[in-house]
Every structure is written in structure tokens, then in C-alpha cells.
Amino acid sequence: MNAKWKRTLTPYLLILPNVLIYFIFIFVPLLCVVYLSFTNYSILSAGHWVGLSNYARLLEDKLFMGAVRNTIVFWIVSVLPQMAIGLVLAALLNSKIKGLPFFRAGLYLPSVISGVAVSMTWLYLYDYQSGPFNAALKALHLNPINWLGDSQYALMSISILGVWVGTGYALIVYLAGLQSISQELYEAASIDGATRLRSFIRITVPLLNPMTFFIFVTATIRSFQVFDYVYVMTKGGPLNSTNTIVNSIVDTSFAQYEMGYASALSIFLLAITLVITLINYRVGTKTLDS
Amino acid sequence: MKKAGATKSLIYVFLIVITLLNLVPVVVMIFTSLKSNDELVSGSFSLLPKHWMFDNYRQAMESGNWALYFKNSFVVTVVVTAGSLLFNTLAGYTFARIRFRGSTMIFVCLLAGMMVPAQSIVVPQFIIMKSIPLFGHNDIWGQGGTGWLNTYFALIIPALSGSIGIFMARQFYASFPKDLDEAGYMDGLGYLGTYLRIYLPLSGPLMATLGILKIVSVWNEFFQPLIFTNTESMRTIQLALSLFKGEFTIQYNLLMAATVLVSLPMLAAFLLFQKQFVGSVVSSGVKG
């Protein structure tokens, strides 16, 4: 009897550490953030119920809507080039070339550097006075650009850095996908007289659909959480032109102590992520079925 | 045939150019860290330093208590990696090999945690950290003190759980034959014994994959330390690097020296274990 009980209980004990941590640091906070979003709680004073007013304020909040717009721009401008460049490079690397480890290492390297270190490096590259980018522009007799100091360019500059960091990931996943495609398909196509470009578009790209989809979703979710670069390089400036959703959440909760309102902003981020993940799940199961 | 050869050369040239361009920021980071102040303010740019100032590294490290920051990052990375590997593989094994009531439901709930962005629950997490009873001068109701804020607990405990880790471990252990569990049972081993004696020794590839993912993410983590700590004694290297800028009017050579040192462990590990790094990225993505 005792031994049987032990065998019944053990599985629960084995998963207990994970379940406990998950419960305290994800599940409870998730419930709390929903509740807090209906209050005006601040770390400085106990809050009270304010109904939907945080959400009403959110929709009217020009600063936050600007952050949403900036995040979307960053998403589009950084994710699409990552995927396109990653795909082309992966296809070239897959064409039986020598020195694959060298190319792969050189192209994936930025992904192992921390967000802060990447930011610091690009802070120098972009520096108006002494940065190499402007030195190169001057050498070409072009006007220097205030990459991070001009609200017209700052978001674009940070997006370029996003492409530099993210391309390696797309490349690696695409390369793995390409290596799993059977060579016989291409041989058959070439017997039928298809050119390499044509068989790339007709055979390779469709077979890579699951990878494309996966990279897209992962990179999208990541780009909606962009924070490190912005926090380190521009603090959201100049003129809030690089302020992002997460930057707003951090600023609202830990600089202005409006944790109730920050919770409403968090729910906004959570909702976007959930929608993307659900679309992922729907389309993902469809592509796997077909 | 000649045409194919020409295409191939073109591909090589293209790949070499792109790879070198891609490495420019890293190369600039390294060479700038060795330049003198005079050269940086002179306004003319050259890739290689005129004088190689290795002393910049000493100066950069003397700008703060960097030995302490490295120790903090090292402790957090080691403990989180070891702990999460144990907890995640143990849970993955349990979900894969043991049938128990509610297992599917619990597993799905844990997996759903993967979808929650850490940044979206940071406000309540902060409040919970602050309210852990009996820590940081808190009373038994979690009031009056700072709880786990500014302690290793804040940086370690939440990171020990991991939906992706549990999921990948479950996938890994699900592929073994049933005979293994029966052999364990015959030998009088319990579930934990079966895991420790039979499955753990077979877990090398899984440990490598999960370990690499965790080490890189914890070493490079910025958000959690930024929110949950604010004392110098708890400062991690990423936090210290982010604060480096403010301590002087930016001295890029010293800043780059600090950046190189903070990045070096992961760069070196990647170059040494490239195959394993790439493998873990792929298996976390494609299979996961």
C-alpha cells in the first residue's frame, strides 16, 4: 500500500519545482496584471478600482500609440529583410561550397552577442562626430547623418541593427530546412529542363514554408518585445521617435510608478503576442496538414 | 561546365564579401578598444589603431568593480543553467515516461507559459519579488522590506523554470523504447532512480542543447537584472556595461574594451562549439 502511494505521488513531486516556480512567477503575475490593469495601483500608494479608465486612457495616449507605431515600423523594417537575406544566404551556403563553417560562423556571430554589447558597438558606429559610418560618408564627400540623434533616422538606424542581429537566426533555420530537402527533386526538375532559379522558386520556397512561417512568428514576437537597443542607445528619443511598447511599460511603471496604467499597457502587449501565436497555431497546423 | 565554374566563383566572392561586411561591427569593436584617446578625437578614421593601447583594458576594468560584476554574472549563469537543466529534464522525463492523472492538462498549462512575454508580467513580478515573506527585512506578510529584490534569488529562481526546456526534454525522452522503464522497474528502481540511473546517462545531447541555449540567454540577460536589482553589489556585467556610458563623456576606446570583455566568453564558446550552437538553435526551432 505504502509503495503504491509512493509511486502515485512521485510524478507530482518530480514536476513540483517547475510547477511551483511557474505558478508563482508566471501564473499569479498573469492574474495580477489583469487585475491591476483595472486599478490605479502605484508602488507608492495602494490603488483602488478604476474600471476601464486605464484602457480608455490608453487609446487616447498619443505617446503610447506612437510607441505602438514605432514598434510596428521596427517589426516590418527589421523582420522582412532578416528573412529575405537569411533565405538567399542559406540557399548559397547550401550549394555544395567549401568553407561552410567559416561562412556560417561569420554570419551567425552577431546572435551570440548580448543586446547591450550590440548597442554599445553600434552606438560607436553611428556616432555623429567620430563614428566610422560618418567617416565613410565624409570620405565619399557625402553629408554625415545624425543616425541616432535625428528623429527622422533614429528608428531606421535601430532597425538596421535589428537586421544585423536577426539574420543569422533565419539563416540557420533555413539552412537546416534546405539540408532536409532531397536532391532527387532538383535532379528531376533539371531533367524536365527547369533552370536553377525556376526550381528554387517552384520547389525550394514552397518546401521551406514551415521554416518561413516559424522564423516569421519567432522574429515577430521578438521584435514586439524590442527593448535593450532602445533603452541603451536612445532611451526612446529623440522626440520619442524610438519609444517602443516595452520601453513605455518600463517607463510608466518604474519611472512614473503608475503600475496600474502600465498593467493595461502590458495587457496590450500580451494580447498582440497571443493573437500572433494563435494565428501561428491555426496556419501552422494547416501547413502541416497540406 | 565553364559557366558552372564561373557561377561558383561568383557565389564565393559574394559570400566572402557579405561575411566580411557582417563582421565589420565586431572587428571595429575590437580595434577601437585598442586605440588611444588622441586618435579617437582626431576625427580621421582608420580601422587599425596607430598605437596599440592594451592598457585600455586595465583602465576599463578599473572604472568599476568589474571583478564583482563578472562574479555575479558567473554565479547566476552557473546556478541557473545547472538548476534548470535538472528541473526541466526531470519534468520532461516525467511527462514523457510516466502516466499520471492530470499530466496532459498540467503539461499544456506549462507550455502556455511560453507564450507569455516576460515584459508583460514584469509589474506584478516586481511586486511579488518585493513581497516575499521573511526576506529582505520583510515581515511574515511580506511587508516592510525589499523581499527578493537585490538578491540572487530574483535573478535565479524564476529562470529555473522553462517551458521550452520542458518541451524539448519531453520530446527527447519520448523517443526511447519502453524496455528501459521496465528494466528500471525490474531492478527495483523508483521513478527518480530510473531517471538518474538510466535516462540521465543517455541525456548528453539534450543537456548540450538546453545548456547552450540557457547559458547564452542568462549571460546576455539585461531586462531582469535591470528591473529586479539596483545595488552595485548585485550588478551583472550586462547592467554594468549599460551604465558604462554614463560614467564619462563617452570614451569609446574604454567602452569598447568593456564591450569586448563582456562579449568574449560567448564569442569564444561559439567559435569553439559552433556545431553544437547551431544544432541547439535548430532543434529548439524546427522540432519545437
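I began with a cluster in chain B: ring pairs link B:Tyr93, B:Phe172, B:Tyr173, B:Phe176, B:Tyr195 and B:Tyr199. I note that the model is predicted.

Next I looked up the count of aromatic pairs, which comes to 44 over all chains. I then took the pair of A:Tyr12 and B:Phe100: the ring centres are 5.1 Å apart and the planes stand at 80°, so I entered the pair as edge-to-face. The cut-off for that label is over 60 degrees.

I checked where the two residues sit. A:Tyr12 belongs to helix α1 (residues 2-36) of chain A, while B:Phe100 is in the loop between α4 (66-97) and α5 (103-112) of chain B, so this pair joins two chains. I also looked up their accessibility. A:Tyr12 is partly exposed, at 29% relative accessibility, and B:Phe100 is buried, with a relative accessible area of 9%.

I moved to another pair, B:Phe95 and B:Phe107, which is tilted, with 5.2 Å from centre to centre and 55° between the planes. B:Phe95 lies in helix α4 of chain B and B:Phe107 in helix α5 of chain B, 12 residues apart, and I recorded the pair as a link between distant parts of the chain. I found B:Phe95 buried at 9% relative accessibility and B:Phe107 buried at 8%.

Last, I looked for charges over rings. A:Arg7 lies over the face of B:Tyr191, at 4.2 Å from the ring centre. Within chain A, I found the charged end of A:Lys235 over the ring of A:Tyr231, 3.8 Å from its centre.

Notes:
Residues are numbered from 1 along each chain as its sequence is written. Chains are lettered from A and ligands numbered from 1 in the order in which they are written. This is a predicted model: local features need pLDDT of at least 70, side-chain atom pairs count only at pLDDT 80 or more; totals for chains, interfaces and linings use all residues. Side-chain values use heavy atoms; hydrogens and water are left out. Rings of Phe, Tyr and Trp (its six-membered ring) pair if their centres lie within 6.5 Å; planes under 30 degrees apart count as stacked, over 60 as edge-to-face and the rest as tilted. Helices (H or I, at least four residues) and strands (E, at least two) are DSSP runs, numbered from the N terminus. Buried means under 20% relative accessible area, exposed over 50%, partly exposed in between (1.4 Å probe, protein chains only). A charge sits over a ring if NZ of Lys or CZ of Arg is within 6 Å of the ring centre and within 35 degrees of the ring normal.
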